[in-house]
Structure formats: structure tokens, C-alpha cells
Amino acid sequence: MVKFYLQEKAPVSVLPNNKRPKFFSFGIPTYTNLGDQAVSLAQRRYIENEFPEFQFIEILEEDTDDAIAAVKKVLQPADVVSFVGGGNMGNVYLDHEIARRKVFAAFPDNLTISFPQSINFEDTPAGQAELQKSQAAYAKNPNLFLLARDAQSYHRMQTAFDNHVLFTPDMVLYIQARDLDHSRSGALFVFRHDSEKVIAEDLINSLKEILSNGRPLKRTDTVLDTVKRITPSNRRELIVKELEWFSRQEIIITDRWHAMIFSVLTGTPCLLFGNSYGKGKHAYFDWLEHIEWVTYTDEDDPQRLKKLINSLIQRSAHEYDVRKDFRQLDRLLQLHKERFSL
């Protein structure tokens, strides 16, 4: 039975029958990557805060096929269809891409929004074959808007697809910074364990030596192993707990893009390394280079890194505002409202 999350804590099995325009959000994850969970939470916050005219309805990715059929039965012209943002557009995470194709192709007459994504179709026969499948599916929807969360992805989407492409930050940056005034102690290493990891373990060990002088060191990932499943019912408490943990650290060392965003939200100094196709690097320079307590590096010399880390630890949080960077998405939805007199 399909679950529709009209509210975070109260899934229902039947779509509401009312005149309020709907904003359907497909692809909501149940896996335990807190970065992707924060994306889905931020999307809900954005629509509910900025465009409360819509009734926001989340649909778990595992329910995609049944939910498409159910939504088609009630869909009205003013309704908006969307697919969750993140960093999985392409052939590396094919299950997500297949679900995305189905949704985009299913609703060609309605405004369809792909929330901010990074894209990576590999330059291999398999990667290019999957790109052609996505091109065919996306082309079925003339009302599809692809949102890119970094300049590299923006140009790749423009080249690969004939759909509209907009440039907007990762949705997690919409979440307001948390005013957490904790005492800080220790360094937290947050590193990937998947195919995107490129930083060498020897370098990680050197960084631990740099930071080990009486300072507690911990290593983790933003992918939880303490729970098996996350839904809109329990994600907020897990994200808040993670932000609390980040806020108690002196510094975060990571190759996880969302670990850096969590550092931004908590005012925690952070050093970001790259992944296999540069999504964190490009997004950092596009949106966050002006934030003084976080930085990106390709450096691999421990002595130079030591100076950089010591400098970062001394930096204090300051006010920042990326809300204005969502203006292209704001404008798109404002025009939609005006078209249907919402």
C-alpha cells in the first residue's frame, strides 16, 4: 500500500480530495544517508514556508510505480510534480535514475521540477547508454525544469538535455543555521565508503596525527549504521541529533558535501576534500567560498594541510545569506502561481 506523507508524522494511503493545489514530491529516500534525508526535509520546509498555497505531499521512492498511477487519477492542471534533489542523477546510482525517468515521463502536462542535483553520466559505453535512456525519458516532458546545484552540473545538463535548466543551491542550504553555543572539543572525520571516495587512507592517517595532540578524534560517515530505515516520520530527529554532534566539534575533516553543509549550519570549521567527480568542489566554489570557517582543498602535503587546519580552527562563524540564490526557483513557482491565479 502506497504511503503519502501529507505531514511528516502522519502518512496516509489515500490522496486528499480537495481543491487545494498539490505539490507532489517523488523519490523520497528511506536509506540512511543523512545528507539525502536533509535534502528531502529542506524541500518540504521550502515549499511550506515560501509557497504555502500548495499541499506538499511526499512519496517514498519505493512506491514510485503505484504512486504514479494514484497521482494520475487526481492530478489537476495547477498541481506540481517534483523529484527529490541530491547527487545521484546519472548512471552511478541507477535505481534512482530509473525512478526519476518514470516520473518525468509520466506527467508531461504539469510543471515538473527536478530539485537541485549533481549529474554524472560516466564517459563509458554503459554510462552513455544510460544517458541516452534518460534523454529519451526527459524529452517526453516539455514542462520539465532541471535544477543544477553546481556550475559543472549546470553546463552538463544544458549540454545533455533539451529541457529547461536552472541554477540553484543544494536545498539543505535553505535550512536556517542553528544557534548552537556548545563548548567544542575534538575533531570529527567524516569520510565516504563508496565508489566516490578518492582521498587516500595514508593522508587521512596523517591528518589524524596532525590533530591528535590531546584532542579526541572520531571517525564516522553521514550514512548511519544505527538505523535500518529513515522516513519522513523519523528523519528530523536524526538530522537534529547529527547537527548537535557537529556543533560540539572543533573541526570537521570530510569528503562529504553534506557534512560540509552541516558544518555551515552549525558554525563548525570544516575542511572539504574532493570526491570522484568534483560535485563538492564545484558546489563549494559556486555557493560557499565566502564563508570563512569552511574551505575546500586538493592539497595532499601534510605540512601545508597542518597550517590550513590550524588556521581554520581559529576562525569564527559570521552571518551569511544564501537565500537570495534560490531566486530562480522562486521565480519559476511564482510564475506558476500567477498562471493559475493561486
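## Close-up views of a predicted model

**View 1. Ser341 sits in the segment after helix 11 (327-339).** This is a predicted model, as are all the views below. Ser341 is not a glycine, yet its phi is positive, at about 50°. For background, most residues other than glycine have a negative phi. Is Ser341 buried or exposed? Its relative accessibility is 66%, and since anything over 50% counts as exposed, Ser341 falls in that group.

**View 2. Thr30 lies in the loop between strand 3 (22-28) and helix 1.** Thr30 has a relative accessible area of 16%, so with the cut-off for buried set at under 20%, Thr30 is buried. Which residues does Thr30 touch once those up to four places away in sequence are set aside? They are Gln37, Leu60, Glu62, Lys228, Arg229, Ile230 and Thr231. Take Arg229 from that list: in sequence, 199 residues separate Thr30 and Arg229, but in space their C-alpha atoms are 5.4 Å apart.

**View 3. Strand 5 (residues 80-83) pairs with strand 3 and with strand 7 (residues 112-120).** The link between strand 3 and strand 5 is made by 4 bridges, and the two run parallel. Strand 5 and strand 7 also run parallel, joined by 3 bridges. Phe83 is a handy residue to follow here: it is the bridge partner of Phe26, and it stands opposite Ser114 in strand 7. In a regular strand, side chains alternate between the two faces of the sheet. Which way do the residues of strand 5 point? Val80 and Ser82 go one way, Val81 and Phe83 go the other, and all are buried.

**View 4. Arg101 is a buried residue of helix 3 (residues 94-106).** Its relative accessible area is 10%, and because buried means under 20%, this arginine qualifies. What does Arg101 contact beyond its neighbours within four places in sequence? The partners are Leu94, Glu130, Lys133, Ser134, Ala137 and Tyr138.

**View 5. Five strands, in the order 11-10-12-13-14, make an open sheet with parallel pairing.** Strand 11 (217-220) and strand 14 (294-296) are the edge strands; each has a single partner, so one side of each has no neighbour in the sheet. On average, neighbouring strands here are turned by 15° against each other, ignoring direction. At one end of the order, strand 13 (residues 270-272) and strand 14 run parallel and are joined by 3 bridges. Within that pair, Leu272 has Tyr296 of strand 14 as its bridge partner. Helix 10 (residues 302-313) packs on the sheet, where it touches strand 12 (251-254), strand 13 and strand 14. The directions of helix 10 and strand 13 make an angle of about 140°.

**View 6. The largest pocket has a volume of about 320 Å³.** Its lining takes in 20 residues, and those nearest the centre are Asn33, Asp36, Tyr93, Arg192 and Arg256. What kinds of residue make up this lining? There are 8 charged, 8 polar and 4 nonpolar ones. Helix 1 (34-50), strand 6 (86-90) and helix 8 (257-266) each contribute at least two lining residues. Strand 6 supplies the largest share, with 3 residues.

**View 7. The largest cavity holds about 50 Å³ of space.** A general point first: empty space shows up when a probe the size of a water molecule is rolled over the atoms. How many cavities of 30 Å³ or more does the model have? The count is 3. Lining the largest cavity are Arg192, Asp255, Trp257, Phe273, Gly274, Asn275, Lys279, Gly280 and Lys281. By type, the lining divides into 4 charged, 3 polar and 2 nonpolar residues. The largest share, 3 residues, comes from helix 9 (residues 279-288). Arg192, met above near the centre of the largest pocket, is also in this cavity's lining.

**View 8. The second largest cavity holds about 40 Å³ of space.** Which residues line the second largest cavity? The lining consists of Gly27, Pro29, Tyr31, Glu61, Phe83, Val84, Asn88, His96, Arg100 and Gln117. These split into 4 nonpolar, 4 polar and 2 charged residues. Phe83 in this list is the strand 5 residue paired with Phe26 in View 3.

Technical notes:
Residues numbered from 1 in each chain as written. Predicted model: local features only at pLDDT ≥ 70, side-chain atom pairs only at ≥ 80, totals over all residues. Heavy atoms only, no water. Pairing = 2+ DSSP bridges. Axes fitted to C-alpha atoms, helices over the stretch in contact; angles between N-to-C directions. Contact = heavy atoms within 4.5 Å. Buried < 20%, exposed > 50% of the residue type's maximum accessible area, 1.4 Å probe, protein only. 1 Å grid on protein atoms, 1.4 Å probe; cavity = no way out; pocket = protein on both sides within 12 Å on 5 of 7 lines; lining within 4 Å. Points joined across faces, edges and corners; volume = space filled by probe spheres on them. Nonpolar A, V, L, I, M, F, W, Y, C, P; charged D, E, K, R; others polar.
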